Structures are given as C-alpha cells and as structure tokens.
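Visitor: I would like to learn how to read a few local features of a protein model, beginning with charged side chains. Could you take me through them one at a time?

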Amino acid sequence: MTSHDTWISNYLASLVNVAEKFPVDDLSNLITIIEDVRETEKTLFICGNGGSWATAAHMVCDLGKNTRLDGSKRMRVIGLGDNIPSLTAYANDEGYDRVFAEPLISLMQPDDVLLAISGSGNSPDILSAIEVANEIGGTTLGLTGFQGGKMKELVDHCLVIPSNSMEMIEDFHMIVDHILTTCLRDEE
C-alpha cells in the first residue's frame, strides 16, 4: 500500500464516520420545508460563499431542472450569486457583506425561503443575507458544519454536518443537494 492508498482509505473511513452521525431528522425537516415552497409556489433563494457558492449554484440547477415532473408544480429557485455584474457592483459600492442581502431586499417576499450555505457558519455575506431574510419575514435554512457558527443561532432551521473538516463538510453539502433533488423528484 502506498502513502496515497493509506490517505485515501483514511479519508473514506472518515466519511463513513460522518455519515453514521448525519442528522437525518434535520435533513428531513429541510425537505418538508422545500416541498412546501414548491407546492405553495413560493421562491427558494440559495446563497453560499466560495466553495459553498459552487454548491449553491449546483443546487439551483438540480432543484430547478431535475425536480420537474409532468403535472406537478415547478420549483422556483434563484441563486443569489448568479448575476456576477450585480454581485461585483454591490461588493464595490456597498461592501462584500451585502452581495446577497441587497438582491434579497429587492426580490424576497414574506414566506419565501432562503437556504444559506457556509461551511463555517460565520461568513459575513451569508449572515447578512440571513438577517435580511428574517427581517422580510422569510423562512431561513442553514447548511453548515463544525458547530454551526453564528449561522446556527440566526436561522429558523439548521443542518450542521458533524465534521471539523471543511472538505468533508462540503462533500456532505453536495450529498444534501442530491438527496433533496431525488426526494423532490421521486417521492411523488
């Protein structure tokens, strides 16, 4: 066995350990809330920072496209970082911590839902978006890791991946995306 083989085996074993501790009830709760978003024709907004933005963008694609069913309502889902010119304008003129909050002020209605993703739970731009969504009267969902960071106290519902490894937290955030997508598509 090479040193790479050992490292790979250890990483995979750690993923299994996180999976065994995964907060299934918290994910089930998020799925129920997001199902209601579709059924009541509300809008789901998603944001994330850095690698979490890549996850958010992937989720927007999966939830918008891969949950379509003949005869069923479609998911209204908006990625708050998709408009790069607006994002950079807000960053330049208002401060980076406002890049997701400002579009929410314009677009979010009471009872819409924000899904905020931050591996640490402490990204200022994400926390600012949560605060705005709460002020508007939206439902706020958090997807994070470590111990939940500041996000855990700000959101209505938080799913904390039980890991202190950013890489594993991000791995599981993608698993959450794919579970959400398949549940919304296949449970009909």
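Visitor: Is Glu102 buried or partly exposed, and which residue does Glu102 form a salt bridge with?

Guide: Side chains of opposite charge can pair when their charged atoms come close. In this predicted model, Glu102 forms a salt bridge with Arg98, and their closest N and O atoms are 2.9 Å apart. Glu102 counts as buried because its relative accessibility is 18%, under the 20% cut-off, whereas Arg98, at 21%, is partly exposed.

Visitor: How many salt bridges does the structure hold?

Guide: The structure holds three salt bridges. One of them joins Glu39 and Arg38, with the closest N and O atoms 3.7 Å apart; here Arg38 is buried, with a relative accessible area of 2%, while Glu39 is partly exposed at 41%. Another joins Arg185 to Asp186, where the closest N and O atoms are 3.0 Å apart, and Arg185 is partly exposed, with a relative accessible area of 29%.

Visitor: Turning to the backbone, which sign does the phi of Glu41 have, and where does Glu41 lie?

Guide: Most residues other than glycine have a negative phi. Glu41, although it is not a glycine, has a positive phi of about 55°, and Glu41 lies in the loop that runs between helix H2 (24-39) and strand S1 (43-48). Its relative accessible area is 42%, so Glu41 is partly exposed.

Asp111 is also a residue other than glycine with a positive phi, near 80°. Asp111 is placed in the loop between helix H5 (101-107) and strand S3 (113-117), and at 48% relative accessibility Asp111 counts as partly exposed.

Visitor: What does Val18 touch, leaving aside residues up to four places away in sequence?

Guide: A contact list of this kind shows which parts of the sequence meet in space. Val18, which is found in helix H1 (residues 3-20), touches Ile161, Pro162, Ser163, Met168 and Phe172 when those sequence neighbours are not counted. Val18 counts as buried because its relative accessibility is 5%. By way of contrast in sequence terms, Val18 and Thr32 are 14 residues apart along the chain and 23 Å apart in space, taken from C-alpha to C-alpha.

Visitor: Which residues form a nonpolar patch on the surface?

Guide: Trp7, Ile8 and Leu12 form that nonpolar patch, and together they have about 340 Å² of accessible area. Ile8 is placed in helix H1, and with a relative accessible area of 43% Ile8 is partly exposed, whereas Val18, in helix H1 as well, is buried.

Conventions: Residues are numbered from 1 along each chain as its sequence is written. This is a predicted model: local features need pLDDT of at least 70, side-chain atom pairs count only at pLDDT 80 or more; totals for chains, interfaces and linings use all residues. Side-chain values use heavy atoms; hydrogens and water are left out. Helices (H or I, at least four residues) and strands (E, at least two) are DSSP runs, numbered from the N terminus. Buried means under 20% relative accessible area, exposed over 50%, partly exposed in between (1.4 Å probe, protein chains only). Contact means heavy atoms within 4.5 Å. Patches are made of residues with over 30% relative accessible area and no salt bridge: like charges are joined within 9 Å, nonpolar side chains (Val, Leu, Ile, Met, Phe, Trp, Tyr) within 5 Å. Accessible areas come from the Shrake-Rupley method with a 1.4 Å probe; for residues, only the protein chains shown count as cover. A salt bridge is a side-chain nitrogen of Lys or Arg within 4 Å of a carboxyl oxygen of Asp or Glu.
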